[in-house]
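Reader: Please show me the model and take me through its fold, its packing and a few of its residues.

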Amino acid sequence: MAAGIVIREQRGFLFHAAADAYRRLNGQMFRTPQEAQRAAEKLRLGKGSPVKRI
């Protein structure tokens, strides 16, 4: 199951959730796609706050 997609924006990479489990990340901006991936993984594993605002 896909967590979501990231779209390149002027300020960074915008996360769009594809599954309800990742809704907390929807609309969050990340510096890199890898940061978005790490945040989704943390959310999936239930480890701390996955959101890192830029």
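The questions below go from the chain as a whole to single residues.

Author: This is a predicted model, in which local features need pLDDT of at least 70, side-chain atom pairs count only at pLDDT 80 or more, and totals for chains, interfaces and linings use all residues. Residues are numbered from 1 along each chain as its sequence is written, and side-chain values use heavy atoms, with hydrogens and water left out.

Reader: Which pattern does the protein chain follow along the sequence?

Author: Helices (H or I, at least four residues) and strands (E, at least two) are DSSP runs, numbered from the N terminus. The protein chain has one helix and three strands. Read along the sequence, the pattern is β-β-β-α.

Reader: In what order do the three strands stand in the open sheet?

Author: Two strands pair if DSSP finds at least two bridges between them. S1 (residues 4-8) and S2 (residues 13-17) pair in the antiparallel sense over five bridges, and S2 and S3 do so over two bridges. The three strands form an open sheet with antiparallel pairing, in the order S1-S2-S3.

Reader: Which strands stand at the edges of the sheet?

Author: The open sheet has the order S1-S2-S3. Two of these strands each have a single partner strand, so one side of each is left without a neighbour in the sheet. The edge strands are S1 and S3.

Reader: In S2, what is the bridge partner of Arg8?

Author: Further along S2, Val6 has Phe15 as its bridge partner, and Ile5 stands opposite His16. On the S3 side, Phe30 stands opposite Phe13. In S2, the bridge partner of Arg8 is Phe13.

Reader: Which residue in the hairpin of S1 and S2 takes a positive phi?

Author: The hairpin has four residues between the strands. One residue in the hairpin has a positive phi near 160°; that residue is Gly12.

Reader: How far does H1 reach from its first C-alpha to its last?

Author: H1 (residues 33-45) has 13 residues. The expected span of a helix is 1.5 Å times one less than its number of residues. For H1 that expectation is 18 Å, and the helix comes close to it, reaching 18 Å.

Reader: Why are the buried residues of H1 on the same side of the helix?

Author: Buried means under 20% relative accessible area, exposed over 50%, and partly exposed in between (1.4 Å probe, protein chains only). In H1, the buried residues are Glu35, Ala36, Ala39, Ala40 and Leu43. The directions from the helix axis to their C-beta atoms define the arc. These residues are on the same side of H1 because they cover an arc of only 140° around the axis.

Reader: Which exposed residues does the face of H1 turned away from its buried side carry?

Author: The buried residues of H1 pack against S1, S2 and strand S3 (29-30), where contact means heavy atoms within 4.5 Å. The face turned away from that buried side carries the exposed residues Gln37 and Arg44.

Reader: How many residues of the largest nonpolar core come from H1?

Author: A nonpolar core is a set of buried Ala, Val, Leu, Ile, Met, Phe, Trp, Tyr and Cys residues joined through side-chain atoms within 4.5 Å. The largest has 10 residues: Ala3, Phe15, Ala19, Tyr22, Leu25, Phe30, Ala36, Ala39, Ala40 and Leu43. H1 supplies the largest share of this core, four residues.

Reader: Is Val6 buried or partly exposed?

Author: Val6 lies in strand S1. Leaving aside neighbours within four places in sequence, Val6 is in contact with Phe13, Leu14, Phe15, Pro33 and Ala36. At 29% relative accessibility, Val6 counts as partly exposed.

Reader: What distance separates the C-alpha atoms of Gly4 and Ala17?

Author: Gly4 lies in strand S1, and at 25% relative accessibility it counts as partly exposed. Leaving aside neighbours within four places in sequence, Gly4 is in contact with Phe15, His16, Ala17 and Ala18. Gly4 and Ala17 are 13 residues apart along the chain, and their C-alpha atoms are separated by 4.2 Å.
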